[in-house]
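Me: I'd like to go through this one with you and ask why things get the labels they get. Can you hold each value up against its cut-off for me?

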Amino acid sequence: MADKTAYERVKAARRPEKISTAELINHLTSGFFEQHGDRLEADDPAIIGGIGLLNGKPITVVGIQKGADTDENIARHFGSPTPEGYRKALRLMKSAEKFHRPILALVNTPGAWPDVESEYHGQGSAVAQNILKGMQLKVPYITIIVGEGGSGGALALACGDRVFMFEDSIYSVLSPEGYASIMWKDAAKVEESAEELKLTPEALLADGIIDKIIHEYQPGDDLSELRDFLDQEFSQLAKLPINDLVERRNQRYRNF
Amino acid sequence: MLRSRFKMPSHEELVKRMDAIPDHILRECPICDATFFSLRAGSTKTCPNCGYGFRITAKRRAKITFDSFEEIDKQMTIPDRFTDEKYLTKAKKAKKVTGINESVLTGIGTLDKQRVGVGIMDPFFVMGSLGSATGEKITRLFEEATRKKLPVIMFTASGGARMQEGIHSLMQMAKVSGAVAEHSRAGLFYVVVLCDPTTGGVTASFAMDGDVILAEPHALVGFAGRRVIEQTIMQKPPKDFQSAETVMAHGFIDAIVPRLQMKATLSRLISLHTKENVYGR
Ligand SMILES: [Zn+2]
């Protein structure tokens, strides 16, 4: 897998056949109860959130879900959350904190949804609140970047204690297409952009941005190994005194 | 009369004379299109017609806003690991233009004898983008303010993330937010002044974290840029969709304050949040 070029990795991360966030949620947890709405305005289908049992213990999951076909993609706006989506995630994270549930965030987004209405509803503010709260949550918080991890829209769900990436995933300050058009005024230079952005899991692990690469799972695969791994990670983090947990999380980002 | 001694110049002649005046003496306001002599904008660089505050360097802003200002982390600049020549050349030019070594000027200032932590982003330093050292300086400012129990005033002006520093730029959003949270937990006051332009990753982090959020008139404030919206989802945004006035109407700004009243307003807000004489104490 590591012999793929950066741009091949971009394409692999965007494959519609990849295992979906919904399947990961349903097979990693049992008895998943989905919760809708931000209690302010709307329910954003780009984010699936709720409570499930991980090896018998309750966790809160928030995950960004792309559509499987055109209709679903339009409804979920291609996995780009609106402010309402981020506020739903924030509401569920606060609820998780209240009930001492660890948080698992699954990220697969090209970025926050860029439209006029999202601007009117405070996209910047919504992302900012998630980051601010994320840094202070008094429960273990783990993120897996499943496919695309695009800029602030990804970071909004990725400032936890651990950040992992699937083999076929990417994480960058903006898309290679956006980078190409800003740096060279030429959107066609995506391959060079992908290289320069150092957006592969290997490059990001070497740079200390992420903590581990998780091997790629296909739809229908048995997820018990991943489930046990997350169970272990959450158990370890949950043993830390709360102040230490938050302090270590802050230190993780303080070093950047 | 006098008139007889002077021949009135024709319109064409007048236009020619206007052309002969160097650009920097006549200015056109990008907001109201009024044309006026630079001098009339005064030391605060404000449009005499509509009150728009022209983009100014961080150093000038420090001078027109605070009674005194003592810079901290003055030497901090782009880390050695970034070696791209084009980028470093750009940064070198930016240092010359702005007189600072990164896109934010930080320090301790005084406003009517009240001490405050101050951060001022400079839109002329690589578009005020969020570099690693920018994030580090702002983080240290909040840490210092937390230690000294000082409020923080942050003037934002930024094109967002610094592309040349890639993912490290993105990580600054989390790093600064950690320090903002710590400052807030200590019960200290944080006021943001959104200046033209505040966009992208800066809007999506510390620019929207203030206890009070002010803006300068007509400042552009948003997350996604107009071009990104047009090219990604083929939607054509209305003209003023990201003006401070629009953002305020949607509930994200406490007040819009003209530059000439900024100092007095900030001083008043600091005083309101640091009174010793409070209920229940
Ligand atoms: Zn004007």
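What follows is a set of questions and replies on this predicted model.

Me: Let's begin with the two chains. How do you know that chain A and chain B are in contact, and how many residues take part?
Reply: Contact asks for heavy atoms within 4.5 Å. By that rule, 39 residues of chain A are in contact with 44 residues of chain B. The area buried between chain A and chain B comes to about 3,500 Å², and carbon and sulfur atoms give 70% of that.

Me: What makes the pair A:R254 and B:E143 a salt bridge?
Reply: The label needs a side-chain nitrogen of Lys or Arg within 4 Å of a carboxyl oxygen of Asp or Glu. The side chains of A:R254 and B:E143 meet at 2.6 Å, N to O, so the pair passes the 4 Å cut-off. The count between chain A and chain B is 2 salt bridges.

Me: And how many residue pairs are in polar contact between chain A and chain B?
Reply: There are 11 such pairs, with both residues at pLDDT 80 or more. As for where chain A does its touching, the elements that give two or more residues to that side are α5 (116-120), α6 (123-134), α7 (151-155), β7 (170-172), α8 (176-183) and α12 (242-254) of chain A. α6(A) gives the most, with 8 residues. By type, the side of chain A that touches chain B divides into 22 nonpolar, 12 polar and 5 charged residues.

Me: Now inside chain B. What are its domains, and how far apart do their centres lie?
Reply: The domain assignment gives domain 1 (10-54) and domain 2 (55-274) of chain B. Their C-alpha centres lie 28 Å apart.

Me: What makes domain 1 and domain 2 of chain B count as being in contact?
Reply: The 4.5 Å heavy-atom rule applies again. It puts 10 residues of domain 1 of chain B in contact with 10 residues of domain 2 of chain B. Together the two domains bury about 930 Å², with carbon and sulfur atoms giving 54%. On the domain 1 side, B:T44, B:Y52 and B:F54 lose the most area to domain 2, together 46% of what that side buries.

Me: How many salt bridges and polar contacts are there between those two domains of chain B?
Reply: The salt bridge count between domain 1 and domain 2 of chain B is 0, while 7 residue pairs are in polar contact, both at pLDDT 80 or more. The domain 1 side of that interface divides into 4 nonpolar, 5 polar and 1 charged.

Me: On to single residues. Why is A:R39 called exposed?
Reply: Exposed means over 50% relative accessible area. A:R39 has 68% relative accessibility, so it counts as exposed. A:R39 lies in the loop between β1 (30-35) and β2 (47-54) of chain A, and its phi is near 65°, a positive value in a residue other than glycine.

Me: What about B:M234, buried or exposed?
Reply: B:M234 has 68% relative accessibility and therefore counts as exposed. B:M234 is in the loop between α8 (226-233) and α9 (244-249) of chain B. Phi of B:M234 is near 60°, again positive in a residue other than glycine.

Me: And why is A:Q65 called buried?
Reply: Buried means under 20% relative accessible area. A:Q65 has 6%, so it is buried. A:Q65 is found in the loop between β3 (57-64) and α3 (70-75) of chain A. Leaving aside neighbours within four places in sequence, its contacts include A:S20, A:T21, A:I48 and A:E72.

Me: What makes A:Q65 and A:A22 a polar contact?
Reply: The distance cut-off is 3.5 Å between N or O atoms. The side chain of A:Q65 reaches the backbone nitrogen of A:A22 at 2.9 Å, so the distance falls within that cut-off.

Me: Last residue: how do you know whether B:I78 is buried or exposed?
Reply: B:I78 has 10% relative accessibility, so it counts as buried. B:I78 sits in the loop between β3 (68-71) and α4 (85-98) of chain B. Not counting residues up to four places away in sequence, B:I78 touches B:Y87, B:L88 and B:A91, among others.

Methods:
Residues are numbered from 1 along each chain as its sequence is written. Chains are lettered from A and ligands numbered from 1 in the order in which they are written. Side-chain values use heavy atoms; hydrogens and water are left out. Buried area is the accessible area (1.4 Å probe) that two parts lose on being put together, summed over both. A polar contact is a pair of N or O atoms within 3.5 Å; within protein, one must be able to donate a hydrogen and the other to accept it, and residues adjacent in sequence count only if both atoms are side-chain atoms. Helices (H or I, at least four residues) and strands (E, at least two) are DSSP runs, numbered from the N terminus. Ala, Val, Leu, Ile, Met, Phe, Trp, Tyr, Cys and Pro count as nonpolar, Asp, Glu, Lys and Arg as charged, and the others, Gly among them, as polar. Domain bounds come from an automatic or database domain assignment. Buried means under 20% relative accessible area, exposed over 50%, partly exposed in between (1.4 Å probe, protein chains only).
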